[in-house]
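Trainee: I would like to learn to read a structure one feature at a time. Can we begin with the surface?

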Amino acid sequence: MVATAGPSSAARVRGYGARVVLDYHDPDWPARVRDAAPGGGGVGAAVNAAPGGAAAALQAVAAGGRLATITGDPPPPERGVEVTDVYVRADSARLAGLVETLAQGLLSLHVAATRPLAEAATALQDAVAGRVAGASVLMLQRSPL
């Protein structure tokens with residue numbers, strides 16, 4: 001598996017099983033992905049979660065491959081690559097299932113920051129700016145009974 005990550009996250013991404021981890025700050029990362037793929041023609045499938053990054057990710061995909069993006073900015077298909085814009089929606093049942101999977105130890109989550117709910121805007125700004133290498137957890141304070 002080939003993945004992109006910032007320098008502070010590279011070791012963690014390797015721990016998840018990535019064979020090659022490239023720095024997404026490097027403007028040539030799509031070409032490096034193509035070079036790292038068997039045959040040098042790109043990867044068969046890619047997933048993009050970086051706002052504004054779908055067009056670059058498309059360049060890393062082999063002709064006839066697939067690209068899924070959750071950012072709402074899918075590039076037009078080219079070279080026979082199937083591009084899918086995945087809509088992420090709130091779904092409490094799915095979230096509960098993920099929580100159960102996490103509790104069973106079948107899913108891991110790297111928590112980088114824990115903040116009170118009052119700091120939600122700051123947590124979001126930090127996540128969007130890439131200042132947090134992992135999940136941010138917002139804590140609710142229970143009212144005394």
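Mentor: Yes. Keep in mind that this model is predicted. For the surface, look for nonpolar side chains that sit together and stay accessible. Here Leu95, Leu98, Val99, Leu102, Leu107, Leu109 and Val111 form such a nonpolar patch. Together they offer about 610 Å² of accessible area.

Trainee: Which element gives the largest share of the nonpolar patch?

Mentor: Helix H4, residues 92-103, with four residues. Leu95 lies in this helix. Its relative accessible area is 54%. The cut-off for exposed is over 50%, so Leu95 counts as exposed.

Trainee: How do I check the length of H4?

Mentor: Compare an expected span with the modelled one. H4 has 12 residues, and at 1.5 Å a residue it should span 16 Å. The C-alpha atoms at its ends are 16 Å apart, so the two values agree.

Trainee: And what do I look for at the ends of H4?

Mentor: At the start, look for a side chain that reaches a backbone nitrogen. A side-chain oxygen of Asp91 comes to within 3.1 Å of the backbone nitrogen of Ala93 at the start of H4. After the helix, check the backbone angles. Gly105 follows H4, and its phi is positive, near 80°.

Trainee: What else does the side chain of Asp91 meet?

Mentor: Arg89. The two side chains form a salt bridge, 3.1 Å from N to O. Asp91 is partly exposed, at 23% relative accessible area.

Trainee: How many salt bridges does a search of the whole structure find?

Mentor: Six. For each one, ask which elements the partners come from. Take Arg66 and Glu82: their side chains meet in a salt bridge at 3.9 Å, N to O. Arg66 lies in strand E4, residues 61-69, and Glu82 in strand E5, residues 82-85. The pair therefore ties together parts that are 16 residues apart in sequence. Glu82 is partly exposed, with 42% relative accessibility.

Trainee: Now a pair of neighbours in sequence. What do the side chains of Glu78 and Arg79 form?

Mentor: A salt bridge, at 3.3 Å from N to O. The contact between these side chains is also listed as polar, at 3.3 Å. Glu78 has 33% relative accessibility and counts as partly exposed. Arg79 is partly exposed too, at 36%. Salt bridges can also share partners. Arg115, Glu119 and Asp126 are joined into one network that way.

Trainee: Where does Glu78 lie?

Mentor: In the loop between E4 and E5. Now read its surroundings, and skip the residues close by in sequence. Beyond four places away in sequence, Glu78 touches Leu58 and Gln59. Glu78 and Leu58 are 20 residues apart in sequence. In space, their C-alpha atoms are 8.4 Å apart.

Trainee: Let me try a residue in a strand. Is Asn48 buried or exposed?

Mentor: Buried. Its relative accessible area is 6%, and the cut-off for buried is under 20%, so Asn48 falls in that class. Asn48 belongs to strand E3, residues 43-48.

Trainee: With a polar side chain in a buried place, I would look for a polar partner. Which backbone oxygen lies 3.2 Å from a polar atom of the side chain of Asn48?

Mentor: The backbone oxygen of Ala50. Then list the contacts. Leaving out residues up to four places away in sequence, Asn48 touches Gly53, Ala54, Ala57, Leu67, Ala68, Thr69, Ile70 and Thr71.

Trainee: Let us step back to the whole chain. How many helices and strands does it have?

Mentor: Five helices and seven strands. The order matters as well as the count. Along the sequence the pattern reads β-α-β-α-β-α-β-β-α-β-α-β.

Trainee: And the overall dimensions?

Mentor: Use the principal axes. The C-alpha trace spans about 65 × 30 × 30 Å along them. Then ask how the surface is made up. The chain exposes about 9,700 Å², and carbon and sulfur atoms supply 58% of that area.

Trainee: What share of the 145 residues counts as buried?

Mentor: 25%. Finish with the sequence range of the contacts. Take the contacts with a separation of 6 or more: residues 24 or more positions apart account for 16% of them.

How values were computed
Residues are numbered from 1 along each chain as its sequence is written. This is a predicted model: local features need pLDDT of at least 70, side-chain atom pairs count only at pLDDT 80 or more; totals for chains, interfaces and linings use all residues. Side-chain values use heavy atoms; hydrogens and water are left out. Patches are made of residues with over 30% relative accessible area and no salt bridge: like charges are joined within 9 Å, nonpolar side chains (Val, Leu, Ile, Met, Phe, Trp, Tyr) within 5 Å. Accessible areas come from the Shrake-Rupley method with a 1.4 Å probe; for residues, only the protein chains shown count as cover. A salt bridge is a side-chain nitrogen of Lys or Arg within 4 Å of a carboxyl oxygen of Asp or Glu. Helices (H or I, at least four residues) and strands (E, at least two) are DSSP runs, numbered from the N terminus. Buried means under 20% relative accessible area, exposed over 50%, partly exposed in between (1.4 Å probe, protein chains only). The expected span of a helix is 1.5 Å times one less than its number of residues. A polar contact is a pair of N or O atoms within 3.5 Å; within protein, one must be able to donate a hydrogen and the other to accept it, and residues adjacent in sequence count only if both atoms are side-chain atoms. Contact means heavy atoms within 4.5 Å.
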